[in-house]
Amino acid sequence: MFAVGDEVRVALDAGRPVVALESTLIAHGLPRPRNREVAVELEALVRQRGVTPATIAVIDGTPMIGLDVNALTRIADEPEVAKLSVRDLPVAAALRRTGATTVAATSVLAARAGIRVFATGGLGGVHRGWADSADESADLVTLARTPITVVCAGVKSILDVGATLERLETLGVTLLGWRTDIFPGFYRSRTGFTLDWRVDAAHQVASVMADADALGLRSAVIVANPVPETEQLDRDLHDRVLTDALAEAARRDLRGKAVTPFLLETFHRETSGASLATNIAVVRNNVIVAADIATAWSTDAGVPRG
Ligand code: PSU
Ligand code: MN
């Protein structure tokens with residue numbers, strides 16, 4: 001049903017730390033050719049910390065847990081790579097298609113393979129204007145039923161941040177601030193929303209995961225890691241481009257899975273690369289925190305737990 005790369009298989013069998021990485025941010029979230037360089041760099045950052053990276057995507061119908069250079073290049077370079085959420089996975093498999101996996105699809109595949117820690121940029125969430133569009137990412141409901149720890153920089157302000165936080169609460173998804181009491185806003189280090197829980201060390205997250213397991217919970221733990229203030233996007237530029245991007249999306253009457261990639265692409269273009277620089281800083285930071293959490297998880301109490 002899926003294939004686990006040799007390096008990932010060896011690490012999992014030995015109880016060594018592994019971090020899953022998603023591929024939609026590579027194929028549909030970052031512009032070519034920078035996307036491929038970033039994908040390679042993220043894996044290198046994970047390795048530098050003594051942790052095995054497992055970038056996840058579907059190649060010619062096979063969900064792959066860990067991509068070789070050739071597969072990573074295809075995901076980054078090929079224009080016809082599909083965007084796959086959970087519901088798309090069996091179709092891509094049956095029709096032998098190649099696609100990048102969203103946070104939702106990556107989480108499901110990672111958990112199936114026994115990987116417990118996953119780094120991404122931002123989660124999908126409730127879109128602004130939800131009352132008209134009913135647009136809520138499948139990421140949220142999937143995280144409610146998938147035991148995985150996701151390190152992210154919160155959600156982008158292209159979404160309705162308050163509504164997204166309410167949905168995460170309703171869905172029973174555990175939410176932790178990483179060295180912060182304020183929910184981060186992806187391009188910006190802080191939104192106006194305060195968090196109930198803050199952690200300051202990787203071993204605390206590993207303990208939360210262990211206790212979630214002990215309680216029989218099958219839901220995700222989200223670790224919200226703000227981009228450093230020095231690397232956040234300028235507020236005025238951010239606000240101006242956001243207004244324009246949302247207006248243009250409404251004019252084009254975009255729907256379904258086209259909405260998020262359109263907004264991200266518009267941001268990168270209209271900020272002349274400033275949002276791209278912040279986006280890359282975001283994922284770098286998240287990968288590093290995820291690697292440390294995976295290490296704490298695999299060594300916690302001296303018991304390898306995968
Ligand atoms: N948010 C980002 N960058 C991204 C995405 C979200 O800041 O690249 C991607 C993730 O893969 C996420 C997906 O799972 O978009 C959500 O898409 P949708 O809104 O169509 O569910
Ligand atoms: Mn959507």
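**Exercise 1. Backbone outliers**

In which loop does Asp-60 lie? Locate it, then inspect its phi and find a cis peptide bond in this predicted model.

*Solution.*
- Step 1. Asp-60 sits in the loop between strand 3 (52-59) and strand 4 (62-65).
- Step 2. Check its backbone. Phi is positive, about 45°, and Asp-60 is not a glycine.
- Step 3. Turn to the peptide bonds. Arg-32 and Pro-33 are joined by a cis bond, with omega about 0°.
- Step 4. Place it. Pro-33 belongs to the loop between helix 2 and helix 3.
- Step 5. Set both against the general pattern. Most residues other than glycine have a negative phi, and most peptide bonds are trans.

**Exercise 2. A salt bridge within a helix**

Find the partner of Arg-9 in a salt bridge and explain their spacing along the helix.

*Solution.*
- Step 1. Start with the whole structure. The search returns 19 salt bridges.
- Step 2. Pick out the pair. Arg-9 and Asp-13 meet through their side chains, N to O at 3.3 Å.
- Step 3. Test the distance. The cut-off is 4 Å, so the pair qualifies.
- Step 4. Explain the spacing. Both residues are in helix 1 (residues 6-13); because they are 4 residues apart, about one helical turn separates them.
- Step 5. Recall the principle. Side chains of opposite charge can pair when their charged atoms come close.

**Exercise 3. The domain interface**

Describe how domain 1 and domain 2 meet: extent, composition and polar links.

*Solution.*
- Step 1. Set the bounds. Domain 1 covers 1-115 and domain 2 covers 122-306. Their C-alpha centres are 19 Å apart.
- Step 2. Count the contacts. Domain 1 contributes 32 residues, which touch 30 residues of domain 2.
- Step 3. Take the area. The two domains bury about 2400 Å² between them, and 70% of that is on carbon and sulfur atoms.
- Step 4. Name the main contributors in domain 1. Arg-49, Lys-83 and Val-103 lose the most area to domain 2, together 22% of what that side buries.
- Step 5. List the polar links. Across the interface there are 2 salt bridges. Asp-292 and Arg-49 form a salt bridge, with closest N and O atoms 3.1 Å apart. Also across the interface, 5 residue pairs are in polar contact.
- Step 6. Map the side of domain 1 that touches domain 2. Strand 2 (18-21), helix 2 (24-29), helix 3 (34-48) and helix 6 (103-113) each supply at least two residues.
- Step 7. Classify that side. It has 19 nonpolar, 7 polar and 6 charged residues.

**Exercise 4. The ligand site**

Which residues come nearest to ligand 1? Add the atom distances for Glu-22, Ser-137 and Gly-122.

*Solution.*
- Step 1. Of the 16 residues around ligand 1, the nearest are Lys-83, Ser-137, Asp-139, Lys-156 and Thr-260.
- Step 2. Take the side chains. An N or O atom of the Ser-137 side chain is 2.7 Å from a ligand 1 oxygen. For the Glu-22 side chain, the distance from an N or O atom to a ligand 1 oxygen is 2.8 Å.
- Step 3. Take the backbone. A backbone N or O atom of Gly-122 is 3.3 Å from a nitrogen of ligand 1.

Terms used
Residues are numbered from 1 along each chain as its sequence is written. Chains are lettered from A and ligands numbered from 1 in the order in which they are written. This is a predicted model: local features need pLDDT of at least 70, side-chain atom pairs count only at pLDDT 80 or more; totals for chains, interfaces and linings use all residues. Side-chain values use heavy atoms; hydrogens and water are left out. Domain bounds come from an automatic or database domain assignment. Contact means heavy atoms within 4.5 Å. Buried area is the accessible area (1.4 Å probe) that two parts lose on being put together, summed over both. A polar contact is a pair of N or O atoms within 3.5 Å; within protein, one must be able to donate a hydrogen and the other to accept it, and residues adjacent in sequence count only if both atoms are side-chain atoms. Ala, Val, Leu, Ile, Met, Phe, Trp, Tyr, Cys and Pro count as nonpolar, Asp, Glu, Lys and Arg as charged, and the others, Gly among them, as polar. A residue is near a molecule or strand if one of its heavy atoms lies within 4 Å of it.
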